[in-house]
Amino acid sequence: RTGAETALEAMLQESIGLDFDRLGRSSLDRAIAARLAKLRDISFGAYCELARESETEFQELVEALIVPETWFFRNRAAFAALGEFALAWRESGKGMLRCLSAPCSSGEEAYSIAMKLFDCGLTAGQFHIEAFDISDAAIEKANLGDYGRNSFRGEALEFRSRYFVSHNRHWHIDAEVQRRVTFAQANLLD
């Protein structure tokens, strides 16, 4: 490892909490290689310096490092537990239920929360979801609310007919579900 690469790795660990011992250092090498291919005519060491000095390039590197893998109702057991909680919350009359989805990636999990809460009988005025992700690109996609078939996995897809409108082999999230979620780019370590 060069000094510039080690410094960049430390910066990534400190600023966004990436743990390269768990993630694998090859992930950083792949992300840098992807950025080098886009930028052209810049050496590996010079790129490491650029990423450390340029906020814009640092964010591009973060985008290259992040591999969003998500789909609607990804962890069925967690959503079953959310359903039990939501029913008890509704019965308690406690008022507004505020939820946090972080990291929210491209919105599938945050929208799944909203759909589950609607399915449990909560009204639009009884809950709101705030969703954060470090990726600008993921937040942009989440705000669009437009999803392809890879976002819908498994056998239990009956929610799609209730909460989505199909168009051109994509599905757009229902406007009422979309209004229940506020997306923002944020680093939870900040």
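# Close-ups of a predicted model

**View 1. Ser166 and Trp171, face to face.** Let's start with one pair: Trp171 in strand 5 is the bridge partner of Ser166. What you're looking at is a predicted model. Ser166 belongs to strand 4, which covers residues 164-167, and this strand pairs with strand 5 through four bridges in the antiparallel sense. Trp171 has another residue opposite it too, namely Tyr147. That one brings in strand 3 (residues 146-147), which runs antiparallel to strand 5 and is joined to it by two bridges.

**View 2. Three strands make an open sheet.** Step back a little and the strands line up in the order 3-5-4, with antiparallel pairing. Strand 3 and strand 4 are the edge strands with a single partner each, so each has one side with no neighbour in the sheet. Now follow strand 5: which of its side chains are buried? Trp171 and Ile173 are, and they point to one face. His170 and His172 point to the other face and are not buried, giving an alternating pattern along the strand.

**View 3. The turn between strand 4 and strand 5.** These two strands form a hairpin, with two residues between them. Asn168 sits in the turn and has a positive phi of about 50°. Arg169 is found in the loop between strand 4 and strand 5 as well. Its phi is also positive, near 60°, and Arg169 is not a glycine. Is Arg169 buried or exposed? It's exposed, with a relative accessible area of 76%.

**View 4. Another positive phi, at Asp41.** Head over to the loop between helix 3 (25-39) and helix 4 (44-53), and you'll find Asp41. Here phi is near 55°, a positive value in a residue other than glycine. Asp41 is exposed, and its relative accessible area comes to 85%.

**View 5. Inside the largest nonpolar core.** Nonpolar side chains in soluble globular proteins tend to be buried together. In this model the largest nonpolar core has 34 residues, and those touching the most other members are Phe72, Tyr111, Met115, Leu117, Phe164 and Phe183. Many elements chip in with two or more residues, including helix 6 (76-92), strand 1 (97-101), strand 2 (127-133), helix 8 (136-144) and strand 6 (181-185). Which element gives the largest share? That's helix 7, with seven residues.

**View 6. Phe72 and its neighbours.** Zoom in on Phe72, one of the residues that touch the most other members of the largest core. Leaving aside residues up to four places away in sequence, Phe72 touches Glu108, Tyr111, Ser112 and Met115, among others. Its contacts also include Tyr147, Ser151, Phe152, Phe159 and Phe164. Elsewhere there is a second, separate core of 17 residues, and Ile16, Leu28, Ile32 and Ile134 are among them.

**View 7. The largest pocket.** This one has a volume of about 490 Å³. How many residues line the largest pocket? There are 23, and Ile66, Pro103, Cys104, Asp133 and Ile134 lie nearest its centre. Sorted by class, the lining has 14 nonpolar, five polar and four charged residues. Ile134 is familiar from the second core.

**View 8. A cis peptide bond at Pro103.** Pro103, one of the residues nearest the centre of the largest pocket, is joined to Ala102 by a cis peptide bond. Omega there is about -10°. Pro103 lies in the loop that runs between strand 1 and helix 7.

**View 9. Arg98 on strand 1.** Arg98 is part of strand 1, and it's exposed, with a relative accessible area of 60%. Sequence and space tell two stories here: Arg98 and Ile129 are 31 residues apart along the chain, yet 5.8 Å apart from C-alpha to C-alpha. Arg98 also touches His128 and Glu130, not counting residues up to four places away in sequence.

**View 10. The chain as a whole, for orientation.** To place the close-ups, here's the full chain, with ten helices and six strands. The C-alpha trace spans about 60 × 40 × 25 Å along its principal axes. Of its 190 residues, 40% are buried. And if you take contacts between residues at least 6 apart in sequence, 73% of them join residues at least 24 apart.

Methods. Residues are numbered from 1 along each chain as its sequence is written. This is a predicted model: local features need pLDDT of at least 70, side-chain atom pairs count only at pLDDT 80 or more; totals for chains, interfaces and linings use all residues. Side-chain values use heavy atoms; hydrogens and water are left out. A nonpolar core is a set of buried Ala, Val, Leu, Ile, Met, Phe, Trp, Tyr and Cys residues joined through side-chain atoms within 4.5 Å. Buried means under 20% relative accessible area, exposed over 50%, partly exposed in between (1.4 Å probe, protein chains only). Contact means heavy atoms within 4.5 Å. Two strands pair if DSSP finds at least two bridges between them. On a 1 Å grid over the protein atoms alone, a cavity is a set of points where a 1.4 Å probe fits but cannot get out, and a pocket is an open set with protein on both sides within 12 Å along at least five of seven lines; lining residues have an atom within 4 Å of a point. Grid points are joined across faces, edges and corners, and a volume is the space filled by probe spheres set on the points. Ala, Val, Leu, Ile, Met, Phe, Trp, Tyr, Cys and Pro count as nonpolar, Asp, Glu, Lys and Arg as charged, and the others, Gly among them, as polar.
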